[in-house]
Amino acid sequence: MKITVYSTKRYDSQFLEQANRDGNHGHELVFVPFRLSNLTCDLARGSQAVCVFVNDAANAEVVEHLASLDVQVIALRSAGYNHVDLAAAGQCSIKVVRVPAYSPHAVAEHAVGLMLCLNRKLHRAFNRVRDNNFRLDGLLGFDLHGKTVGIIGTGKIGAVVAQILHGFGCHILAYDNYHHPDCIALGVNYVTLTQLLAASHIVTLHCPLTPDTHHLIDNDALQTMRPDAMLINTSRGGLVDTSAVIRALKARRLGALGIDVYEEEGDLFFEDLSDEVVQDDVFSRLLTFPNVLITGHQAFFTREALQAIAETTLHNVSEIERTGSSENEVKLHRF
Ligand code: NAI
């Protein structure tokens, strides 16, 4: 198939071209640096598939536009699919395929990295030492050993987080209708959301963003959490009400925040804005807290993950081309 690849960075073209060669897929790949939007849809003219990333908004208007160009497949280079209007895609007979699992370890390890860095203030220590400031005041952390960590969503990534934290000697609580066998084997305790929020020293989010999980962590949830708790979000920005979090941080009702995703990240992440004046005051306020650590949606960004993403993406398109369906098609469902 001819595939227009949106939001292409150098690493995307490198890994996709390699996978196209190694897998003998024979797809014609057209790389464009722009995001998919109604303005850029026409770049897909002549392509049977488009390949998009997390901040390409495939809303109903865009999906209908793509259908008018005879695009048959939207291939997501991601596990999350909250940025695609699945109902519109269904109506337009456009197949949506995703990469359900590439490296749960990449994201899980990054989530734990955020916990370790925030707890021991490594981000502050790094800057201090470079300034020949070797004082320890303000760098006091806690032992992870013996602490309670609450994992919301124990799918592929949440289960790996549980395994890693089990190694640290943490007590692990989880909230998910699905009780992952690996978590059960580790002795993870499945509880209600309220119980998890109230008891956890660290709360880490690993469920998808859906209408049901939008602002899962809101003012009420924050009120339920321990005032010294650490909140980690490597899943999707919309899970957290950022304004409520800022209020909690200002009132010292939240111990620390580590995020790899942000509600309005579409206007910021994946670009070099170091010469720009950032207009997002909420994001700018977050940056002022010493107990907030932000990374720009890089949890997935390992060699192993990029290779797996490229291979599965092209495999998905080849499957649709050959058989008309793929095991990685996204189905509309509710939690
Ligand atoms: P998964 O589908 O294997 O697991 C998700 C789990 O969340 C499932 O067990 C499901 O039952 C549970 N869940 C759904 N709704 C829930 C709710 N309301 N409350 C509690 N649990 C709920 O997904 P996987 O691979 O573990 O990925 C999780 C999320 O991580 C993705 O949806 C994606 O948004 C995010 N992600 C972020 C990346 C990054 O680079 N920052 C990279 C990859 C994924």
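In this short talk I will go through the ligand site, one aromatic pair and two backbone angles of the structure above.

Please keep in mind that this is a predicted model, in which local features need pLDDT of at least 70 and side-chain atom pairs count only at pLDDT 80 or more, while totals for chains, interfaces and linings use all residues. Residues are numbered from 1 along each chain as its sequence is written, and side-chain values use heavy atoms, with hydrogens and water left out.

Let me begin with the ligand. Of the 24 residues around the ligand, those that come nearest are Tyr102, Lys156, Ile157, Asp176 and Thr234, where being near asks for a heavy atom within 4 Å. This shell divides into 12 nonpolar, 8 polar and 4 charged residues, with Gly counted among the polar ones.

Which polar atoms does the ligand meet at Thr234 and Asp260? A polar backbone atom of Thr234 is 2.9 Å from a nitrogen atom of the ligand, and a polar side-chain atom of Asp260 lies 3.0 Å from a nitrogen atom of the ligand; a polar contact is a pair of N or O atoms within 3.5 Å. On its own the ligand has 870 Å² of accessible area, of which the protein covers 89%, as computed by the Shrake-Rupley method with a 1.4 Å probe.

Now to the rings, where the whole structure holds 6 aromatic pairs. In one of them, the ring centres of Phe269 and Phe283 are 6.1 Å apart and the planes stand at 75°, so the pair is edge-to-face; rings pair if their centres lie within 6.5 Å, and planes under 30 degrees apart count as stacked, over 60 as edge-to-face and the rest as tilted. Because Phe269 lies in the loop between β11 (256-259) and α11 (281-287), and Phe283 in helix α11, this pair ties together parts that are 14 residues apart in sequence.

Finally, Lys121 has a positive phi of about 55° although it is not a glycine, and Asn132 likewise has a positive phi of about 55°.

Technical notes. Polar contact = N/O pair within 3.5 Å; in protein donor to acceptor, adjacent residues only side chain to side chain. Helix = DSSP H or I, 4+ residues; strand = E, 2+ residues; numbered from the N terminus.
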